Amino acid sequence: MNRAMLRLSLACLVMFALLLINVTYVQAFKATSLASGPGNVRIFNEQFQYKRGAIVAGGTAGGITIAESRLTKGNIYQRYYPSGPVYAPVTGYDSIFGATGIEAAEDKELAGTDPRLEVHNLINLITGKPKLGATVYLTIDPKAQQAAYAGLKSLGRPSGLVAIDPKTGAILAMASYPSYNPNQYATLNGHRLDKIDLRNRRNPSQPLLNRAINETFPPGSSFKVVTSSAAFSTGKVASTSSTVSAPQPLKLPNGNLLNNDAGEICGNGHPQIIQAFWLSCNTAFGELGIKVGGAALRQYADKFGMNNSHLTIPLQVSASVFPRVTDPSLTAFSAIGQFDDQVTPLQEAMFAAAIANHGTLMRPYLVSQVQAPDLQTIQNASRSVLSQAVSQQVASNLQKMMIQVVANPAGTAHDIFMPNLEIAGKTGTAQNSSTLDDSVFTCFTPVGVRNRTIAVGVVVQGGGFGAAAAAPIAQQVIKAYLRVP
Amino acid sequence: MTAVATHSGAGAAADPGALAPMPRGRRSTELFMLVFAVGVVLAAYANAGLGLNGKLPAGLIEYGAAFAVLVFAAHLAVRRLAPWADPLMLPLAALLNGLGIVMIYRLQESGRGGNPGTRISTMSTSTTLYQVAYSAVGIAAFIAVLAVIREPRVLQRYTYTLGALGLVLLAFPAVLPSSLSVVNGAKVWIRIGGFSIQPGEFAKLALAVFFAGYLVAKRDVLALAGRRVLGIDLPRARDLGPVLIAWGASLLILIFETDIGTSALFFGLFVAMIYVATQRTSWLLIGIGLFAVGTFAASRLSGHVGARFTAWLHPLTHANVFCTAAQIHCVSSYQLAQGLYGMGFGGILGTGLGHGQPFVTPLAQSDFIITAFGEELGLTGLMAILLIFGLLVQRGLRAAVQVRDPFSKLLAGGLAFVLALQVFVIVGGVTGLIPLTGVTTPFMSQGGSSLIASWAMIGLLMRISDTARRPAPQPIQDEGMTQIVRAG
């Protein structure tokens, strides 16, 4: 019987060999594809079993924590957002169903799964220390952010604001109103989360919408910054003191009439372009637009960062739109920020930032540094030029004109004039389908304080005249950032 | 004891001039390996506690001492009752049993969904304690087998008694009302009061003895009579009777107890034993053919079996399906998929005990305990566990090869094979190699019946091994050229 017994042993050997081959296949070769299998909750659950990295606003020294993980009962980490709605457009949320904002964009770093953190994780695994996520430091200035949110909230209207350091592109403030409390999304209770999320999504005031970068508004007269830039650059206007024609009304090629805001005469009808700019005459810039042409306008709009649907900061930014216009009558409307022009508050800030930085537009960014749990820096902000919007000469022309918008007693934003701090800006009052106009303001500090300058873009939906609603908030943010009383 | 180990009797036959050297019992090896096994189990237990709570588990000393006392009691019993038995079987079985307890403790501690305090529905807060108690009963059964059965051949006398007992045990749940026999969809239990017994586990042992006794008696007629067709020796039609009866019985289990796993075990056991007894390939082919026909028919007729096949072929497609008892043709592979996900999550090195999420998989403490090990100990640990099972099987087969008495040989071979087959059926099932069927993982799954039966089986194998390795009685005095030569 021993011969048969040997064969039986062989059968047992084959069975065990099959088992070993199969488990090797499952655990060594199929593990990656199984990880994304339907209903696989393990990877997802795991994220609550170790400390996710914090998000800090204001750099490595003296910054404030705006998102962190705290240990709750059952040894589970829960996300906590100390400043809630103020930073919600920046942090986004990290929930059991998904993440938004920086939480999503920097998830690999925060979760510690980034390849650059693998060595740290391996060392922790060997030394038995728990896995930790990296800390993400943001360029956001807490004081500017606080001022921005407080300003928007005081108006109580749908609005967004972005402030940029023109020299670097670092985003100093990014606020949106109405906002939401990301702490609601930190719950580990799926049913509750569903309810909260549904309520927020059905809320007509759209609190989850990040109006600073994901909502577009007509730029109104603030677009005259681009129209002027195009006019100077293409040589249609020689200098700030060149006169331009500003009839009231402007008869368009298609027979329609273009009026100034209140139907007023612009200067003497033949003002210098600088005067037309501080008075924000529609007819002067409408006609300039026709002269420059739709194609050139679009070219300069693109140089200022418009029509770019691939911009990430690292959050995805909605494209600001300058349409392809060939019809001169429509070009006139486009040149004054009407027709189909659409911009985000970030784009408004980029208009001013490009002028402030002598025509060079820096790529806006939010993350200043990523630090591994052992405080070793694994990523520094990479500053880069997004585009050369205009020449240094044109930028200096624009700066001169924008200063007059605030400094000249007849300027549209003279209300925010401060003798101790120079602000250059351009107001916009954009007609929309509702009764109240959108209030738009783009501005920067030409000199700044202690070598610090800032560019701000604000849009307040239904805020009325540009200088009335948007400009004071921009002024508050500037004062907060430059620590000017 | 001398230093030279030889097969008993062989030396004497080869060299009639010298005294046969005394083979070693190797009990010291067993003791050393047992200390090793207990050490591994205690380290795993401490590791699980550290992984779960960051501190050594409460009762490390008490549980550890209890476990050590149990296995050393078994060792002392072997020293006294079966001194020549295989030295590795006891440490291997103890290691598997101990690791099973550690995993059950770990699952009990983390509770449902990883929340300590909320227990997994099929576990109580004292499951670990029960498992330790079952281990004690199992080791008691092991010692009892060694103490009562001093010579494996005596079992041959009870061939038909044990055969009848086996069939009754097997069939009992089928005739009981469902309320007393169904747990988790399988009608293989007897529920009395708070206890439930899986009689099939014990039937397996009884039927192995019956098959061995029956086949040893009938093997000549089964082996020699018949015609040769296409190079295969076909048995006579009337000799097909026992095979058909075994086939019919296993099909009945399949249909009435909806338990394809147990059915496969019994039929596989029978076919393997009849093959070893007769050495006729035809029996093997007939057996495999009959099983294939039966399973195919069952998969067509029974929604339960058909669903298992579909789930096996597409484990991830049906991963999010949940079926109620009323949905007969509903296919859910949630459990299978979660088990596979767990293994994938563990990867090659595993998450470490207490760091994974084996509690996500339903029944991780019983049917799916292997995937729990795969998750927390990784491919490395799972391979080690499979190799421990493989070694245990190999030790059993070795005893079967060594022992001379045909009945003992057949019994040992059958028991070792059925252990291998059971590991193949359950591990293959939960890892997606073959369709999933609910048999227990020997020594590891939560529950007493399987554990006690497995220990009893190790008792039988060690008894047979002891018989095989026991040296021939030495002549009491020097009788010159006269030798006692045992018939081999």
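# Two chains, one question at a time

Q: With 10 C-beta neighbours inside 10 Å, does A:Ser384 count as buried or exposed?
A: This is a predicted model, and here A:Ser384 has 10 C-beta neighbours inside 10 Å. A residue is exposed if it has 12 or fewer. Therefore A:Ser384 counts as exposed.

Q: Which residue is 22 residues apart in sequence from A:Ser384 and 5.9 Å apart in space?
A: Start from A:Ser384, which has its place in the loop between strand E13 (377-380) and strand E14 (385-388) of chain A. Now look for a C-alpha that is 5.9 Å from that of A:Ser384, with their positions 22 residues apart in sequence. The partner is A:Met362.

Q: How many strands are there in chain A?
A: Let's step back to the whole chain. Of the 485 residues in chain A, 52% are buried. Among its contacts with a separation of 6 or more, 69% come from residues 24 or more positions apart. Chain A has 17 helices, and its number of strands is 17.

Q: Which strands are the edge strands of the open sheet of five strands in chain A?
A: The order of this sheet is E8-E7-E17-E16-E15, with antiparallel pairing. An edge strand pairs on one side only. The edge strands of chain A are therefore strand E8 (171-177) and strand E15 (424-430).

Q: By how many degrees are neighbouring strands of the sheet E8-E7-E17-E16-E15 turned against each other on average?
A: The five strands of this open sheet in chain A pair in the antiparallel sense. With direction ignored, the average turn between neighbours is 5 degrees.

Q: Which residue in E16(A) does A:Lys426 stand opposite?
A: E15(A) and strand E16 (residues 438-444) of chain A run antiparallel and are joined by seven bridges. Opposite A:Lys426, in E16(A), stands A:Thr442.

Q: Which residue in E12(A) is the bridge partner of A:Thr135?
A: Strand E6 (residues 135-138) of chain A has A:Thr135 and A:Tyr137 pointing one way, A:Val136 and A:Leu138 the other way, and all are buried. E6(A) pairs in the parallel sense with strand E1 (residues 55-57) of chain A over three bridges, and there A:Val56 has A:Tyr137 as its bridge partner. E6(A) also runs antiparallel to strand E12 (residues 367-371) of chain A, joined by four bridges. In E12(A), the partner of A:Thr135 is A:Gln371.

Q: What is omega for the cis peptide bond that joins A:Tyr177 and A:Pro178?
A: A:Pro178 lies in the loop between E8 and helix H9 (190-202) of chain A. The bond joining A:Tyr177 to A:Pro178 is cis, and its omega is about -5 degrees.

Q: With 18 C-beta neighbours inside 10 Å, how does A:His358 count?
A: A:His358 is in the loop between helix H15 (345-356) and strand E11 (360-362) of chain A. Although A:His358 is not a glycine, its phi is positive, about 55 degrees. Buried needs 20 or more neighbours and exposed needs 12 or fewer. With its 18 C-beta neighbours, A:His358 therefore counts as partly exposed.

Q: With 21 C-beta neighbours inside 10 Å, does B:Leu363 count as buried or exposed?
A: B:Leu363 has its place in the loop between H12 and H13 of chain B, and its phi is positive, about 60 degrees, although it is not a glycine. The cut-off for buried is 20 or more neighbours. With 21 C-beta neighbours inside 10 Å, B:Leu363 counts as buried.

Q: Are H5(B) and H15(B) roughly parallel or roughly antiparallel to each other?
A: Helix H5 (residues 127-148) and helix H15 (residues 448-469) of chain B pack with axes 8 Å apart, at an angle of about 30 degrees. H5(B) passes H15(B) in a right-handed crossing. Angles under 35 degrees count as roughly parallel. Therefore these two helices, H5(B) and H15(B), are roughly parallel.

Q: Which helix gives the most to the side of chain B that touches chain A?
A: The contact takes 31 residues from chain A and 47 residues from chain B. Helix H9 (260-278), helix H12 (334-346), helix H13 (369-402) and helix H14 (406-430) of chain B each supply at least two residues of this side. The side of chain B divides into 30 nonpolar, 16 polar and one charged. With eleven residues, the helix that gives the most is H13(B).

Notes
Residues are numbered from 1 along each chain as its sequence is written. Chains are lettered from A and ligands numbered from 1 in the order in which they are written. This is a predicted model: local features need pLDDT of at least 70, side-chain atom pairs count only at pLDDT 80 or more; totals for chains, interfaces and linings use all residues. Two residues are in contact if their C-beta atoms, placed from the backbone, lie within 7 Å. Ala, Val, Leu, Ile, Met, Phe, Trp, Tyr, Cys and Pro count as nonpolar, Asp, Glu, Lys and Arg as charged, and the others, Gly among them, as polar. Two strands pair if DSSP finds at least two bridges between them. Axes are lines fitted to C-alpha atoms, for helices over the stretch in contact, and angles run from 0 to 180 degrees between N-to-C directions. Angles under 35 degrees count as roughly parallel, over 145 as roughly antiparallel, 65 to 115 as roughly perpendicular and the rest as oblique. A crossing is left-handed if the near helix is turned anticlockwise from the far one by less than a right angle, and right-handed if clockwise.
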